[in-house]
Amino acid sequence: MVDSSNFDENSDVGYQPSHSSVDQNDHSLTETASYSPISGDSLPYCRSNSEVSNFSEHIEDNGYASGESSPFRWNTAKHGGSQASLSRLGMKQRRDSSDGKPDVLDLLDLELEMMKERFSKILLGEDMSGGGKGVCTAVTISNSITNLYATVFGQNLKLEPLKPEKKAMWKREMNCLLSVCDYIVEFAPTAQYLDDGTIVEMMTSRARSDIYINLPAIQKLEAMLLEILESFDDTEFWYAEQGSISGNSTRSRGGSFRKVVQRKDEKWWLPVPCVHPGGISNDSRKHLIEKRDCANQIHKASMAINSSILAEMDIPETYMANLPKSGRACLGDTIYRCMCATEKFSPDNLLESLKISSEHEALELADRVESSMYTWRRKACSSHSKSSWNKVKDIMADTDRNDKNYVLAEKAETFLVCLKQRYPELSQTSLDTCKIQYNRDVGKAILESYSRVLESLAFNIVSWIEDVLYADKSMRNQVV
């Protein structure tokens with residue numbers, strides 16, 4: 001079980017942001033307006049820190065998305081089928097509106113133009129010059145999902161239902177992006193019975209196995225997370241910006257709980273949860289604990305799906321080419337001597353002896369261990385003429401298990417697994433980032449980015465609930 005009490009002190013679950021991004025310890029995506037969606041520099045990735053969606057645009061409160069249904073769902077039969085057909089073909093019908101408000105066809109044209117622009121950016125690979133220098137489709141869609149998440153959930157820093165216009169945007173644009181999966185199929189033989197009783201074998205298409213298994217599961221996790229947020233419509237706690245409460249607030253008699261600010265003072269921009277003197281009721285506390293445990297399980301499930309998708313991605317040749325020549329030089333003499341010791345290797349004891357003090361140190365160590373592991377694996381297979389990593393994987397089973405490089409690679413892998421278990425919220429390693437950057441499989445890109453953003457949302461929900469429970473416990477202790 002993930003230690004929820006330390007959530008707000010862990011680093012962000014995902015890729016390391018660039019220097020222009022927000023604090024890497026932030027799980028809440030606070031700044032979403034400084035990134036240009038048409039920039040070709042969409043990397044490095046960050047699991048939960050992304051700026052502005054290149055598939056999304058900010059929706060004004062007076063737009064059609066503010067609680068109203070999408071114009072695609074409106075019944076255009078009232079205006080005649082021919083007019084709707086002309087509108088879909090881009091031949092705008094000019095109508096005089098007596099009340100000065102845009103009619104249905106105008107709004108439909110506006111939505112169609114927005115969708116054209118967004119899909120054009122995807123097809124161009126974020127290269128607005130059209131010179132073919134954009135990123136591949138898989139990376140573009142991955143960026144679109146990540147940036148859409150930043151746009152919709154980036155300013156959502158409280159336990160409260162998602163705004164209707166934001167929820168409508170998320171549903172509408174995710175449906176468009178996920179529609180690509182409907183056309184990712186594989187062929188499988190099926191038996192067909194003819195009228196005369198003859199059985200023939202025919203190839204029929206079906207959803208690719210990884211999409212068929214993982215996509216419904218991820219969509220279910222998304223629905224559960226949105227349901228958790230919706231359950232906090234009427235609460236016994238409230239929020240104060242930067243530890244202060246407005247003087248005209250009717251709920252400010254208890255004052256703000258300043259210890260929450262001290263508890264995570266590096267996140268001064270986050271609103272502070274406040275409760276009345278004496279804390280919240282038992283029913284409300286039980287509800288919070290139940291939703292925290294649920295979100296925690298969703299977080300673990302999202303992490304498992306994301307890790308499995310990343311494991312299936314091919315290791316880029318660029319990563320293999322840049323591996324250090326010596327695994328010992330990469331790891332350091334201390335760790336290397338522990339791995340070469342004759343007695344049984346204990347990764348837990350090694351971790352204890354290293355005395356890692358921060359998530360940043362843990363991530364740096366994970367990168368070094370992973371690089372050393374693949375360096376030793378490559379050396380173990382150096383006697384073979386096959387150089388491609390995909391071919392190296394196939395011949396690893398035939399490698400002599402008594403080979404020193406093979407043994408060191410196995411110990412490094414065991415140590416890496418132990419390190420990730422000790423720090424479950426560890427950001428993704430350089431190898432994971434490289435895999436996504438050079439991935440060309442659109443289906444895997446969608447599954448990876450979709451599970452990653454839900455992982456981040458689940459983590460944030462757990463952290464917010466922990467903050468409220470912490471404030472409640474402290475206020476009850478003050479009464480005693």
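Start with the largest nonpolar core of this predicted model. It has 51 residues, and you can begin by selecting Phe153, Leu159, Trp170, Leu288, Tyr450 and Ile461, the members that touch the most others in the core. Now colour the pieces of chain that build it: helix 3 (137-153), helix 4 (164-178), helix 5 (209-230), strand 3 (237-240), helix 7 (282-312) and helix 16 (442-479) each bring in at least two core residues. Which helix gives the largest share? That's helix 16, with 14 residues.

Next, click on Tyr450 and show what surrounds it. Leaving out residues up to four places away in sequence, Tyr450 touches Ile145, Trp170, Met174, Leu178, Leu215, Ile218, Gln219 and Glu222.

Before you move on, find the other core, which lies apart from the one you've just toured. This one has 31 residues, including Ile356, Leu363, Met373 and Leu408.

Time to look at rings. Searching the whole structure turns up 6 aromatic pairs. Select Tyr319 and Tyr374 and look at how their rings meet. Are the planes stacked or edge-to-face? The planes sit at 90°, with the ring centres 6.2 Å apart, so this pair is edge-to-face. Zoom out a little and trace the chain: Tyr319 belongs to helix 8 (residues 317-321) and Tyr374 to helix 12 (residues 359-380), so the pair ties together parts that are 55 residues apart in sequence.

Try a surface view here. Buried or exposed: which word fits Tyr319? Tyr319 is buried, at a relative accessible area of 11%. Its partner Tyr374 counts as buried too, with 9% relative accessibility.

Now pick Tyr336 and Trp376. Their rings form a tilted aromatic pair, 6.3 Å from centre to centre and with 35° between the planes. Here again the pair links distant parts of the chain: Tyr336 is in helix 10 (residues 333-340) and Trp376 is in helix 12, 40 residues apart. Check how much of each is accessible: Tyr336 counts as buried at 10% relative accessibility, and Trp376 is buried at 3%.

Stay with helix 12 for a moment and go back to Tyr374, this time with Arg377 selected as well. What sits over the ring of Tyr374? It's the charged end of Arg377, 5.5 Å from the ring centre.

For the last stop, select Tyr149, Phe153 and Trp170. Ring pairs link these three into a cluster. You've met Phe153 and Trp170 already, in the list of residues that touch the most other members of the largest core.

How values were computed. Residues numbered from 1 in each chain as written. Predicted model: local features only at pLDDT ≥ 70, side-chain atom pairs only at ≥ 80, totals over all residues. Heavy atoms only, no water. Core = buried A, V, L, I, M, F, W, Y, C linked by side-chain atoms within 4.5 Å. Buried < 20%, exposed > 50% of the residue type's maximum accessible area, 1.4 Å probe, protein only. Helix = DSSP H or I, 4+ residues; strand = E, 2+ residues; numbered from the N terminus. Contact = heavy atoms within 4.5 Å. Phe/Tyr/Trp six-rings, centres within 6.5 Å; stacked < 30°, edge-to-face > 60°. Lys NZ or Arg CZ within 6 Å of the ring centre and 35° of its normal.
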